[in-house]
Structure formats: structure tokens, C-alpha cells
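Biologist: I would like to learn how to read the empty spaces in a protein model. Can we work through one together?

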Amino acid sequence: MNQKWVTMRKDLVSLILKHTVTSRRHLTPELALHLVTPDCPLWRATEDQVPFKDPFWAFYWPGGQATARYILDNGDLVKNRKVLDVGCGCGAGIIAAAKMKAGRVVANDIDDYAVTASEMNAELNDVTIETSTENLVGDPCREFDTILMGDMFYDEEFANILFEWLDRLTADGKTVLIGDPGRHGLTTKRRDAMTLLARYQLQPHSCMENHGFTHTTVWQLNK
Ligand SMILES: C[S@@+](CC[C@H](N)C(=O)[O-])C[C@H]1O[C@@H](n2cnc3c(N)ncnc32)[C@H](O)[C@@H]1O
């Protein structure tokens with residue numbers, strides 16, 4: 001770690017601590033996570049009062065909740081595997097994989113805050129993870145055999161780019177797990193090329209945060 005990153009990371013850590021609380025009010029209560037909840041002043045802040053640009057990492061999205069829940073209940077899926085969580089946000093998916101004894105665990109997000117929050121959350125849950133801020137979309141991901149993707153299909157154009165890539169990774173033999181509450185990027189045609197692994201009811205708190213979604217699902221891309 002270079003000195004500039006160490007100093008910057010210190011600032012990110014203190015801002016994350018200042019604006020979040022430790023929460024277990026989600027589908028994986030065995031994981032404590034630094035999150036923005038209705039108990040935080042930031043919850044009611046106007047856009048110009050928020051010190052972060054798009055703090056996606058501050059929320060535990062229904063897709064991520066589904067993937068992490070599924071991994072915690074089906075540990076064999078990741079045991080000894082080399083797992084990459086793309087768009088990790090708060091890092092719950094990769095933390096779940098680490099808890100279930102994955103061989104390698106890497107949390108990837110293009111947002112420095114997200115990988116910092118993921119490291120903080122990993123520490124909170126007594127696991128160690130690696131992080132990366134590289135944009136890996138399109139990369140062959142040769143070092144990994146399992147790819148996690150929680151709640152990344154909120155934009156149809158981006159979903160098309162992601163699926164083109166994920167189809168290639170699947171053809172290459174990788175296991176791709178997707179968590180999603182029914183976002184419009186996950187079209188019927190896409191769902192037809194996947195296997196539904198689980199469906200979970202969201203907690204009232206998460207429904208409120210997610211504008212009417214009541215359930216969330218986990219899918220595996222067909223090989
Ligand atoms: C809706 S959030 C989901 C976070 C987490 N997976 C969850 O379900 O709680 C989407 C995340 O994807 C990240 N992201 C967007 N484009 C990305 C890219 N090309 N590579 C890696 N992460 C990306 C965002 O920064 C954000 O943290």
C-alpha cells in the first residue's frame with residue numbers, strides 16, 4: 001500500500017464510520033455491516049448534504065442479500081473456490097464466501113468507498129478479503145472460477161454489456177451467481193438462460209428502501 005492510499009483510506013474509513021451504523025437488519029443477520037439506515041441522519045439528507053457520490057455501498061441491495069444468504073446456506077458451492085464479487089458494494093457476498101471457506105475471496109468495485117467499506121465489514125465479521133478497484137467488465141477473469149454479481153441489472157444497456165461478458169465467462173466453465181429482485185435489465189429472455197436457485201422474502205425495512213420490491217432471487221447462469 002503506498003502512503004497516498006494509506007492517508008486517503010484513513011479519510012474514507014472515518015467518513016464511513018461517521019455516517020453509518022452497524023446493522024444486522026437484513027437477510028443475513030449473521031453478518032454485521034456498516035450501513036446507512038433510517039437511524040442515520042444521512043437517510044434524510046438532501047442530495048447536496050451527502051458527502052459521497054452515489055453511495056451504493058452504504059446500502060445492502062436485495063440482489064446482494066439474496067446471493068449472500070444463498071452462499072451462507074449452501075457453503076459447498078464456494079468451499080475452496082476462487083471467488084470474485086463484481087460490484088461488491090458493502091462486500092456482504094464476498095464476506096459470506098469467506099465465511100464458507102472459499103479458497104480466494106476478492107471484492108471488486110470501481111468505487112474506492114465500496115472496497116473500503118467491504119474491508120471494514122470483513123474486519124467486523126472476522127474474515128480477511130482481497131480488494132480490487134479495477135473495471136473488470138470484459139476481463140477473462142482467469143484467476144477465478146466463481147463470479148458473484150448482486151443487483152447489477154438496474155440499467156438495461158449496462159445489463160446487456162454485463163450479460164455478454166458473463167456468457168463468455170460461463171462458456172469458459174465458470175460458475176456465475178446472480179442476485180436480483182426483478183430489475184428490468186433481467187429480462188424474461190435472460191431468465192430463460194438461467195436456473196433459479198432460491199427466492200427469499202425481503203424484510204419490511206428492505207422493501208421500504210427498494211420501492212415496492214417484496215422478494216429477491218438467486219440465479220445461476222446455465223453452462
Ligand atoms: C446496486 S449496487 C450493488 C452492490 C452489492 N452488490 C449489493 O447487492 O449490495 C452496484 C455496485 O456496482 C458497482 N459498479 C458499477 N459498475 C461497476 C463496474 N464496472 N465494475 C465494478 N463495480 C461496478 C457500483 O459502484 C455499486 O457499488
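Biologist: Which helix gives the most to the lining of the largest cavity?

Modeller: Helix H7, residues 204-209, with three residues. Keep in mind that this is a predicted model.

Biologist: What is the general idea behind finding such spaces?

Modeller: Rolling a probe the size of a water molecule over the atoms shows where empty space is left. In a cavity the probe fits but cannot get out, whereas a pocket is open. Here, a search of the whole structure finds one cavity of 30 Å³ or more.

Biologist: How much space lies in the largest cavity, and which residues lie nearest its centre?

Modeller: The space is about 80 Å³. The lining has 13 residues, and Arg-25, Leu-35, Tyr-60, His-205 and Glu-209 lie nearest the centre. By class, the lining of this cavity divides into five nonpolar, six polar and two charged residues.

Biologist: Now the pockets. What is the volume of the largest pocket?

Modeller: About 660 Å³. It is lined by 36 residues, and Phe-56, Gly-87, Gly-89, Asp-109 and Met-152 are the closest to its centre.

Biologist: Which elements give two or more residues to that lining?

Modeller: Helices H2 (62-73), H3 (92-99) and H4 (112-124), together with strands S3 (82-86) and S6 (146-150). S6 gives the most, with three residues.

Biologist: How do the residues of the lining of the largest pocket divide?

Modeller: Into 20 nonpolar, nine polar and seven charged.

Biologist: Where does the ligand sit?

Modeller: In the largest pocket. There are 18 residues around the ligand, and Trp-61, Gly-64, Gly-87, Asp-109 and Gly-150 come nearest. That shell divides into nine nonpolar, six polar and three charged residues.

Biologist: How should I read polar contacts to the ligand?

Modeller: Look for pairs of N or O atoms within 3.5 Å. Take the backbone first. A polar backbone atom of Gly-64 is 2.9 Å from an oxygen atom of the ligand. For Gly-87, a backbone N or O atom lies 2.7 Å from a ligand nitrogen atom. Then take a side chain: a polar atom of Asn-135 lies 3.1 Å from a nitrogen atom of the ligand.

Biologist: How much of the ligand's accessible area does the protein cover?

Modeller: The ligand has 600 Å² on its own, and the protein covers 94% of that.

Biologist: What lines the second largest pocket?

Modeller: Its volume is about 240 Å³. The lining residues are Trp-43, Asp-54, Pro-55, Phe-56, Phe-59, Tyr-60, Trp-61, Arg-183, Glu-209, Asn-210 and His-211. They divide into six nonpolar, two polar and three charged.

Biologist: Which of those residues should I look up again elsewhere?

Modeller: Start with Tyr-60 and Glu-209, which line this pocket and are also among the residues nearest the centre of the largest cavity. Then try Phe-56, which lines this pocket and is one of the closest to the centre of the largest pocket.

Terms used: Residues are numbered from 1 along each chain as its sequence is written. This is a predicted model: local features need pLDDT of at least 70, side-chain atom pairs count only at pLDDT 80 or more; totals for chains, interfaces and linings use all residues. Side-chain values use heavy atoms; hydrogens and water are left out. A residue is near a molecule or strand if one of its heavy atoms lies within 4 Å of it. A polar contact is a pair of N or O atoms within 3.5 Å; within protein, one must be able to donate a hydrogen and the other to accept it, and residues adjacent in sequence count only if both atoms are side-chain atoms. Accessible areas come from the Shrake-Rupley method with a 1.4 Å probe; for residues, only the protein chains shown count as cover. On a 1 Å grid over the protein atoms alone, a cavity is a set of points where a 1.4 Å probe fits but cannot get out, and a pocket is an open set with protein on both sides within 12 Å along at least five of seven lines; lining residues have an atom within 4 Å of a point. A molecule sits in a cavity or pocket if more than half of its atoms lie within 2 Å of its grid points. Ala, Val, Leu, Ile, Met, Phe, Trp, Tyr, Cys and Pro count as nonpolar, Asp, Glu, Lys and Arg as charged, and the others, Gly among them, as polar. Grid points are joined across faces, edges and corners, and a volume is the space filled by probe spheres set on the points. Helices (H or I, at least four residues) and strands (E, at least two) are DSSP runs, numbered from the N terminus.
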